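Grab your structure viewer and a coffee. Here are a few exercises to work through, each with a solution you can follow step by step.

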Amino acid sequence: MRRTGMTRRSLVAGAAGLVAAMTTGGDAVASAVRRGGGDDRLVRGELRGVWVATVANLDWPSKKGLTAAAQEAELIAHLDRAVRLRLNAVVLQVRPTADALWPSPYEPWADCLTGVQGQDPGWDPLATAVREAHDRGLELHAWFNPYRVANHTDPARLSASHPARRNPDWVLPYGGKLYYDPGLPEVRRFVQDAMLDAVRRYEIDAVHWDDYFYPYPVAGEAFKDDAAYERYGGGFPDRAAWRRDNVDRLVREMGERIRETRQGVRFGISPFAVWRNKATDPLGSDTRAGVETYDDLHADTRKWVREGWIDYICPQIYWHIGLATADYAKVLAWWAATVRGTGVGLYVGEALYKAGDPAQPAPWQDPAELSRHLTLARDHDEVGGHIFFSAKHVAADRIGAMARVVADHYQDRVRAPR
């Protein structure tokens with residue numbers, strides 16, 4: 001996901017008091033759910049989610065090498081906070097860099113746990129997350145990144161058993177990172193198999209992908225998939241069309257295989273929010289974004305919705321209302337129109353991480369900006385909820401923006417929609 005870095009700051013006293021005042025009911029419901037007596041009291045409603053990122057230890061665990069007990073305690077704290085804030089879904093990153101937060105037969109243990117990729121952490125984080133989330137009336141959406149292998153370009157730093165080392169022809173360096181080549185059918189099948197192992201073994205509520213397909217463009221650098229294109233690109237008008245077909249196949253096949261593997265598991269994708277600008281394509285949004293998923297990431301996000309290949313889409317509308325190049329209100333309206341009549345759910349990715357960041361423009365210094373997003377979304381019947389990035393920013397809530405959302409919009413706890 002494309003986000004700027006930010007440091008954790010203390011929650012201001014006023015916001016902390018507001019959250020405490022507004023979440024007493026959430027604690028009571030959570031207690032009842034854990035006792036097994038309160039789940040039926042939750043009314044079905046909108047999705048209220050939070051992303052918990054594990055890549056580079058962004059949210060959890062707070063650092064590498066913690067004991068299993070300390071890691072579990074931190075995870076439980078994120079779940080309990082979600083309940084207190086009357087959220088109902090946690091989107092946990094379980095495959096951050098072609099490694100796993102469960103004992104996978106396909107890929108090594110993730111290095112965000114012990115600091116050593118492939119080292120057994122002494123517990124099963126995904127099993128614990130599913131159990132503890134469900135005990136609290138929370139959905140657990142398992143967040144996977146299909147093609148990213150490493151945030152560096154040295155295969156020797158990967159676990160000795162890593163599939164990328166056993167199959168070096170699968171891997172391409174680009175922009176200081178390593179990626180699996182999406183143009184290889186064997187890669188497409190392997191990454192699906194690796195993700196479906198979790199679907200088969202754990203009662204997750206959804207498979208969730210973020211915005212990384214073909215990598216974001218790096219100026220002056222080419223993604224060198226010439227060999228795959230020469231072998232498989234015949235019949236396509238150009239390389240871009242071939243790349244889009246590769247990603248289309250990944251999405252369509254994954255949706256089909258999820259349904260075959262476990263009934264009731266949804267498939268959702270959270271893309272960068274601009275499919276194409278209107279100046280590029282009259283079907284596009286009234287934006288002037290520097291990235292267009294169709295052209296730059298070879299991700300035809302609109303097609304996935306129109307074809308019904310996915311169950312929900314969660315565009316990362318990480319801009320404020322009124323931004324000249326990408327107005328939150330205009331992008332939201334475009335997505336509402338796009339999903340209308342398709343049966344595909346629409347949730348909105350919200351940039352809580354920008355609230356109070358001094359590097360952001362004035363609207364993000366206003367604690368009410370995010371709340372206004374949710375108010376605006378009420379004008380679109382297609383919007384079924386919101387997901388906030390990310391867990392550590394929910395915890396810090398440096399100017400009380402999350403507290404304002406809770407006070408204005410989450411007075412009662414509800415179940416996530418199905």
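Helices and strands here are DSSP runs, at least four residues for a helix and at least two for a strand, numbered from the N terminus. Keep in mind that this is a predicted model.

**Exercise 1. Place arginine 413 and decide: is it buried or exposed?**

Step 1: Find the segment. Arginine 413 sits in the loop that runs between α15 (401-409) and β13 (414-415).

Step 2: Check the cut-off. Buried means under 20% relative accessible area. Arginine 413 has a relative accessible area of 7%, so it is buried.

Step 3: Follow the side chain. The side chain of arginine 413 reaches the backbone oxygen of arginine 136 at 2.8 Å, and it also reaches the backbone oxygen of leucine 87 at 3.5 Å.

**Exercise 2. Work out what lines the second largest cavity.**

Step 1: Count and size up. There are two cavities of 30 Å³ or more in the structure, and the second largest holds about 50 Å³ of space.

Step 2: List the lining. You should find Val50, Val52, His78, Arg81, Ala82, Leu87, Ala391 and Val394. Leu87 should ring a bell: its backbone oxygen is reached by the side chain of arginine 413.

Step 3: Assign elements. At least two lining residues come from each of β2 (47-52), α3 (68-84) and α14 (391-396), and α3 gives the most, with three residues.

Step 4: Sort by class. The tally is six nonpolar, one polar and one charged.

**Exercise 3. Describe the largest pocket.**

Step 1: Start with volume, which comes to about 260 Å³.

Step 2: Look towards the centre. The pocket is lined by 15 residues, and Lys64, Thr97, Asp111, Asn151 and His152 are the closest to its centre.

Step 3: Map the lining to elements. Two or more lining residues come from α4 (111-114), and the same goes for β5 (148-150).

Step 4: Class the lining. Seven residues are nonpolar, five polar and three charged.

**Exercise 4. Test the length of helix α7 and look for a kink.**

Step 1: Work out the expected span. α7 covers residues 185-201, which is 17 residues, and at 1.5 Å a residue it should span 24 Å.

Step 2: Compare. The end C-alpha atoms of α7 are 25 Å apart, so the span agrees with the expected value.

Step 3: Check the axis. α7 has a kink of about 25 degrees, centred on methionine 195.

Step 4: Check burial. In α7, 12 of the 17 residues are buried, among them Met195, Arg188, Asp193 and Asp197.

Terms used. Residues numbered from 1 in each chain as written. Predicted model: local features only at pLDDT ≥ 70, side-chain atom pairs only at ≥ 80, totals over all residues. Heavy atoms only, no water. Buried < 20%, exposed > 50% of the residue type's maximum accessible area, 1.4 Å probe, protein only. Polar contact = N/O pair within 3.5 Å; in protein donor to acceptor, adjacent residues only side chain to side chain. 1 Å grid on protein atoms, 1.4 Å probe; cavity = no way out; pocket = protein on both sides within 12 Å on 5 of 7 lines; lining within 4 Å. Points joined across faces, edges and corners; volume = space filled by probe spheres on them. Nonpolar A, V, L, I, M, F, W, Y, C, P; charged D, E, K, R; others polar. Expected span 1.5 Å × (residues − 1). Bend = angle between axes of the 7 residues up to and from the residue.
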